[in-house]
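Q: I have a chain open on my screen and would like to talk it through with you. Could we go region by region?

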Amino acid sequence: MKKTALFPVASLIMLAACQPFKGNVSSKGIVVDATMNTLTVLSDRGDTLSFSTMDADRTRAHGLLIGDTVEVFYGGEYSKGMSADSVVLYPRQDRADDALGSFLVCTYEGILPAASCPGIRYTLTVRNREHSGDGTFSLTLTYLEAENGQDSSFLYTGKRFTQRGTPDDNDATVWQFVTDDGKDTFNFLVESDSALILLNDRFERNDSEQNHTLVRIR
């Protein structure tokens, strides 16, 4: 699997000169980059602002995706890469009819086997309307102890589609996640309301007895 950085900021926008901010303030803008523990937004003033979210309160920002509107709260004068105090998400509104229901956000997690490290932690957040098979997702793959004993993480974002049937069950429900750049696809069998099982590109289960299940955590 090719792991690439998604949506480099330089290719999306022209950098604008940032005006200094003082005191306890917040900035609202569009997410243009959301790699692990780093958030970059294009503010409604036209400034490009980047923050560290390592210690930020992100309880109101589950399922953050490129293109979302967020409000970032921080203290003191703004400086590039400074720590954010908290991040609040204002989900982008799809054009789907309101009859499809309200937006739902669910997060699944599990440590799956890997050939070159002790395991890969999958953290998958899915956002969709209640009665729609389509949606959006963000997936973080953390390769445990992969780089000189340190974890190494990669973020993927894109769209979710719902497929019907697997080779051994015509009625099975499969969620197919396609990244925004179209280079990677992840297939998961919907085992239950709280569990997903990773499938291969032919919608088949892994032959090994190792765990390939993600469990809903919120």
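Q: Let's start with one residue: is Thr157 buried or exposed?
A: This is a predicted model, and in it Thr157 counts as buried because its relative accessible area is 3%, under the 20% cut-off.

Q: Where does Thr157 sit, and which side chain does its own side chain make a polar contact with?
A: Thr157 belongs to strand β11, which covers residues 150-166, and its side chain makes a polar contact of 2.7 Å with the side chain of Asp180.

Q: How does β11 pair with β12?
A: The two strands pair in the antiparallel sense over eight bridges, with β12 covering residues 169-179, and one of the bridge pairs is Arg164 with Thr173 in β12. The connection between β11 and β12 is a hairpin through two residues.

Q: And what comes after β12 in that direction, say with β13?
A: Strand β13, residues 185-192, runs antiparallel to β12 and is joined to it by five bridges, among them the one between Trp175 and Phe188 of β13. These two strands also form a hairpin, here with five residues between them, and Gly182 in that turn has a positive phi of about 75 degrees.

Q: Which non-glycine residues have a positive phi, and what are the values?
A: Asn148, with phi near 50 degrees, is one of them, and Phe203, with phi near 65 degrees, is another. For context, most residues other than glycine have a negative phi.

Q: Where are those two, and are they buried or exposed?
A: Asn148 is in the loop between β10 and β11 and is exposed, since its relative accessible area is 82%, over the 50% cut-off. Phe203 is in the loop between β14 and β15 (213-216), but Phe203 counts as buried because its relative accessibility is 16%.

Q: Switching to the core: which residues touch the most other members of the largest nonpolar core?
A: That core has 20 residues, and those touching the most other members are Tyr122, Leu124, Leu139, Leu141, Phe177, Phe188 and Leu214. The elements that contribute two or more residues to this core are β8 (103-112), β9 (120-129), β10 (135-147), β12, β13 and β14 (195-199). There is also a second, separate core of 19 residues, which includes Val70, Met82, Ala84 and Leu89.

Q: Taking Leu139, what does it touch?
A: If residues up to four places away in sequence are not counted, Leu139 touches Tyr122, Thr123, Leu124, Phe154, Leu155, Tyr156 and Phe186.

Q: What about Thr107 in β8: which residues is it in contact with?
A: Leaving aside neighbours within four places in sequence, Thr107 is in contact with Thr123, Leu124, Thr125, Val215, Arg216, Ile217 and Arg218. A polar contact of 2.9 Å joins its side chain to that of Thr125, and Thr107 counts as buried because its relative accessibility is 0%.

Q: Moving on, in what order do the seven strands of the open sheet lie?
A: The order is β4-β7-β5-β1-β2-β3-β6, and the pairing is mixed. The edge strands, each of which pairs on one side only, are β4 (57-60) and β6 (82-83).

Q: What can you tell me about β5 and β7 in that sheet?
A: Strand β5, residues 69-74, and strand β7, residues 86-90, pair in the antiparallel sense over five bridges, and Val72 has Val87 in β7 as its bridge partner.

Q: And Thr40, in β2: is it buried or exposed?
A: Thr40, in strand β2 (residues 38-43), is buried because its relative accessible area is 7%. Thr40 and Phe51 are 11 residues apart in sequence, and their C-alpha atoms are 6.3 Å apart in space.

Q: Now pockets: what is the volume of the second largest one, and which residues are closest to its centre?
A: The second largest pocket has a volume of about 350 Å³, and of the 18 residues that line it, the closest to its centre are Leu198, Leu199, Asn200, Asn206 and His212. The elements giving two or more residues to that lining are β9, β13 and β14, and the largest share, three residues, comes from β13.

Q: Last one: how many helices and strands are there in the protein chain, and what percentage of its residues are buried?
A: The protein chain has one helix and 15 strands, and buried residues make up 42% of its 218 residues.

Conventions
Residues are numbered from 1 along each chain as its sequence is written. This is a predicted model: local features need pLDDT of at least 70, side-chain atom pairs count only at pLDDT 80 or more; totals for chains, interfaces and linings use all residues. Side-chain values use heavy atoms; hydrogens and water are left out. Helices (H or I, at least four residues) and strands (E, at least two) are DSSP runs, numbered from the N terminus. Buried means under 20% relative accessible area, exposed over 50%, partly exposed in between (1.4 Å probe, protein chains only). A polar contact is a pair of N or O atoms within 3.5 Å; within protein, one must be able to donate a hydrogen and the other to accept it, and residues adjacent in sequence count only if both atoms are side-chain atoms. Two strands pair if DSSP finds at least two bridges between them. A nonpolar core is a set of buried Ala, Val, Leu, Ile, Met, Phe, Trp, Tyr and Cys residues joined through side-chain atoms within 4.5 Å. Contact means heavy atoms within 4.5 Å. On a 1 Å grid over the protein atoms alone, a cavity is a set of points where a 1.4 Å probe fits but cannot get out, and a pocket is an open set with protein on both sides within 12 Å along at least five of seven lines; lining residues have an atom within 4 Å of a point. Grid points are joined across faces, edges and corners, and a volume is the space filled by probe spheres set on the points.
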